[in-house]
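This report describes the architecture, the core and selected side-chain interactions of the protein shown below. Please read it alongside the sequence and the three-dimensional view.

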Amino acid sequence: MASFCQLSTLRQTCILCHKLPTFKNLSRCIVHSSSNFQSTVQTEEENKVLTEKKIIIPKRKKKDNLAVLRALSDTVGKDPTASPYHFHDDPYLLPKTPMERKRYLLAGDSGRKAAQLVIKTRPDLFLAHQHDEPKIEAYTPSLKTYVFEEPSEDGIMERLDRLDLKAAAKMHQQLRDAGKAVSLKVSNALLEALCCYNCESPDEVMQLEIKWEKGETTAADAAPPEEEEKEDEAPPPPAVKQPMRRQQEIKWRDDNEAQKVFESLEKPDSRSYNTMIRGMVKHGAHNKAFHLFNEMQENGIQTSLEAYNSLISAVVSIREDYKERWEVLVQIMKQMQAENVHPDVYTFNNLLNQLRLLGAIGRKKALSVLSEMRAVNVAPSLGTYNLLLNIFYKDNLPPNDILYDIMDTIEGEHFYYRDPMDVNFFKNAMNVCFNLKDVRLAYRVDALMNTGSNYKLIGDYAKQSLYYAKFLHLICLMDSTDAMFEYYNQFVPSAFIPSSMVYMDMMRSIQTAGTIEKLSEIWKDMCTYGLRFRQEPIDLLIQIMATADSTDKKLLTALADVAKDVQKAFEESKSQRNQMSWNSLGLTNLLMIYIRAEDVEKAWTTLKMFPKLNMTPGQAIMEDFLTLCAKQKDADKAIDCVKLAVQKSLAYAPALMEKVKTTMELTAQQSERITTIMSEEDDIGVTKKQ
């Protein structure tokens with residue numbers, strides 16, 4: 001029998017079969033490829049079969065129940081301005097910040113869990129008020145009474161229908177103790193439920209999940225100590241608090257109800273073994289799953305495709321050496337071929353997911369696995385390409401062209417959900433584009449995401465936010481501001497809400513392009529989306545406005561209005577948890593904005609903040625303020641500026657006095673004030689010398 005990798009040598013369609021080689025027709029294709037027949041050669045028998053084929057036109061095309069709705073939805077394009085479906089379609093209730101969105105989603109999830117808990121614990125409160133027709137069983141509280149009270153197979157199935165696993169297992173034990181035989185079909189049904197929920201009722205699983213969220217779960221709640229766990233890690237000292245574990249880490253317990261049911265079977269069939277293997281792999285008993293698999297092979301019992309997929313996903317935990325892991329994977333694939341089990345997309349994706357953890361061996365074998373996948377007529381999913389990105393793009397590896405090859409292959413294609421890892425492709429692909437700093441490649445990835453219904457595979461809100469944040473960040477760095485605002489207006493706030501880092505990148509891009517008039521729009525959106533009291537982006541905003549190379553009076557006035565609102569935000573932040581504080585550079589930039597806008601009153605108010613905050617203004621900004629006072633013919637504020645410099649004992653105070661005398665026309669009273677200030681300066685100098 002041909003080996004697992006032998007299919008890769010037969011890339012082309014068989015010249016006689018007109019089919020791609022698969023595990024089933026491999027030997028026939030090898031014979032055909034080595035023969036001298038040409039594709040045009042046909043036997044009389046084949047000609048007779050071809051002439052007998054008729055085209056049968058069906059009277060009507062069979063459609064599913066959603067065919068009409070699906071056709072109507074295809075006529076409506078994606079609305080980028082629409083709010084996410086899981087939020088209320090009310091502008092007042094829409095969350096404006098990422099934290100509000102997180103609280104919104106958590107509140108909805110908590111409400112659903114609370115409703116389920118109340119319905120399960122107090123069903124009598126709901127049964128008296130149900131008037132729905134037809135009755136929806138999923139929304140109906142489960143009754144605590146059963147039709148079959150005595151131990152029987154019907155009683156077991158009734159309890160399984162209500163997911164009362166402990167009661168079903170108890171009744172199964174009662175039948176065995178009474179010496180009554182339980183059919184293999186009923187035992188397998190019970191075994192599947194026990195393996196799926198790890199012998200816990202769904203109600204208890206939900207309670208355990210609530211404990212985990214509160215951080216109240218202990219090791220005893222998760223699982224009793226096992227021999228395998230003792231070998232891996234020593235229990236912490238009693239005085240040390242154990243870290244909170246996740247629900248996925250609940251371990252398979254020895255001698256649990258599923259194990260008892262399985263051992264009670266006189267002659268377990270393929271379904272029994274496959275169910276146990278899948279349950280053991282799902283709940284962490286990987287070594288036991290492989291021991292059971294070896295037992296199946298010894299007894300000649302067929303292993304299902306689902307069990308093989310589970311075993312492939314558990315290879316990493318039973319071998320530490322990379323080469324040994326790959327040998328086990330090849331052995332499993334050969335055994336699938338020997339048992340005539342055709343792999344599916346989950347098989348190859350699990351295989352690639354294991355190669356992701358095999359270092360250089362994984363990168364060496366990954367493309368051959370992809371070729372093998374196509375050779376056996378299994379179309380790759382987005383999850384397949386996502387795993388290739390995980391394999392070839394790592395922090396310690398040099399850049400490569402894998403994503404370019406992937407886009408050349410799948411550009412313009414329509415995808416649908418086939419694997420849980422499908423939703424990770426677009427996020428990771430955009431992250432690769434960002435690391436490569438290739439905005440054109442990012443546009444290609446975004447075009448693929450917006451092809452057909454591919455946007456449904458972008459993932460949850462967290463993945464969607466990361467995707468758009470990287471995309472917009474890359475556009476800010478590598479493309480024009482027009483393109484930046486085009487995508488910004490399209491994404492925000494329907495797709496995601498930018499963080500402070502994204503807004504800082506946008507402001508830098510605006511500064512580079514010289515489109516300073518967009519800063520007022522940026523500040524308005526920052527206030528809307530919860531960034532009004534963020535120190536770092538505000539400091540950058542003030543700096544860019546102060547250094548803007550523009551003489552447009554209207555624009556400078558608009559920037560001064562933004563500065564006034566920023567100054568107001570600093571005052572409002574005193575009542576916030578994260579208070580903002582002025583520094584010398586920030587105050588200097590704020591003062592420069594008012595000076596350039598020729599707003600003497602706000603400039604003087606800002607200048608007076610320096611001594612209050614124990615800061616010293618620079619000589620250049622003081623001279624700019626005096627120039628503005630001379631232009632506005634406001635000698636009083638100019639003299640006050642000189643007085644401020646004298647009181648702070650600034651070395652450049654005499655220079656400021658001289659500038660006031662030479663550039664402004666002073667009245668007698670103002671000249672007297674200047675003389676008084678000069679005498680005060682002399683007194684301060686004498687005091688310092690003494």
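## Overall architecture

The protein has 690 residues, of which 42% count as buried. Here, buried means under 20% relative accessible area, exposed means over 50%, and partly exposed lies in between, with a 1.4 Å probe and protein chains only. This is a predicted model, in which local features need pLDDT of at least 70 and side-chain atom pairs count only at pLDDT 80 or more, whereas totals for chains, interfaces and linings use all residues. Residues are numbered from 1 along each chain as its sequence is written, and side-chain values use heavy atoms, with hydrogens and water left out.

The secondary structure consists of 36 helices and zero strands. Both kinds of element are DSSP runs numbered from the N terminus: helices are H or I runs of at least four residues, and strands are E runs of at least two. Of the contacts with a sequence separation of 6 or more, 66% join residues 24 or more positions apart; a contact means heavy atoms within 4.5 Å. The protein exposes about 39,300 Å², and carbon and sulfur atoms supply 52% of that area. Accessible areas come from the Shrake-Rupley method with a 1.4 Å probe, and for residues only the protein chains shown count as cover.

## An annotated repeat and the buried helix 15

An unreviewed UniProt entry lists residues 269–303 as "repeat: PPR". UniProt positions are given in the numbering used here, feature names are shortened, and annotations may be inferred rather than shown by experiment. Over residues 269–303 the chain is 77% helix and 0% strand, and the C-alpha atoms at the two ends are 10 Å apart.

Helix 15 spans residues 305–313; seven of its nine residues are buried, so this helix is largely enclosed by the rest of the structure. The buried residues are L305, A307, Y308, N309, S310, L311 and I312. They pack against helix 13 (270–282), helix 14 (286–299), helix 16 (315–318), helix 17 (322–338) and helix 18 (345–355).

## The nonpolar core

A nonpolar core is a set of buried Ala, Val, Leu, Ile, Met, Phe, Trp, Tyr and Cys residues joined through side-chain atoms within 4.5 Å. The largest one has 179 residues, and F425, F426 and M506 have the most contacts inside it. Helix 29 (residues 553–572) gives the largest share of this core, with nine residues. Leaving aside neighbours within four places in sequence, M506 is in contact with L472, C476, M484, F485, Y488 and I522.

Helix 29 also holds a polar residue, Q567. At 9% relative accessibility, Q567 counts as buried. Its side chain makes a polar contact of 2.8 Å with the side chain of Y594. A polar contact is a pair of N or O atoms within 3.5 Å; within protein, one atom must be able to donate a hydrogen and the other to accept it, and residues adjacent in sequence count only if both atoms are side-chain atoms. Not counting residues up to four places away in sequence, Q567 touches W582, L590, Y594, K602, T606 and M609.

## Salt bridges

A salt bridge is a side-chain nitrogen of Lys or Arg within 4 Å of a carboxyl oxygen of Asp or Glu. By this rule the count comes to 21. The table lists examples.

| Residue pair | N to O distance |
|---|---|
| K113 and D109 | 3.6 Å |
| D505 and R508 | 3.3 Å |
| K574 and E571 | 3.2 Å |

K113 and D109 both lie in helix 4 (residues 98–121), four residues apart, which is about one turn of the helix. K113 is buried at 13% relative accessible area, whereas D109 is partly exposed at 29%. Together with R112, these residues, D109 and K113, are linked in a network of salt bridges.

D505 and R508 are three residues apart in helix 26 (residues 500–513), so about one helical turn separates them. D505 is buried, with a relative accessible area of 8%, while R508 is partly exposed, with 37%.

For the remaining pair in the table, K574 counts as exposed at 52% relative accessibility, and E571 counts as partly exposed at 46%.

## A pair separated in sequence

D154 lies in helix 6 (residues 153–161) and is partly exposed at 47% relative accessibility. The C-alpha atoms of D154 and V186 are separated by 8.9 Å, with the two residues 32 apart along the chain.
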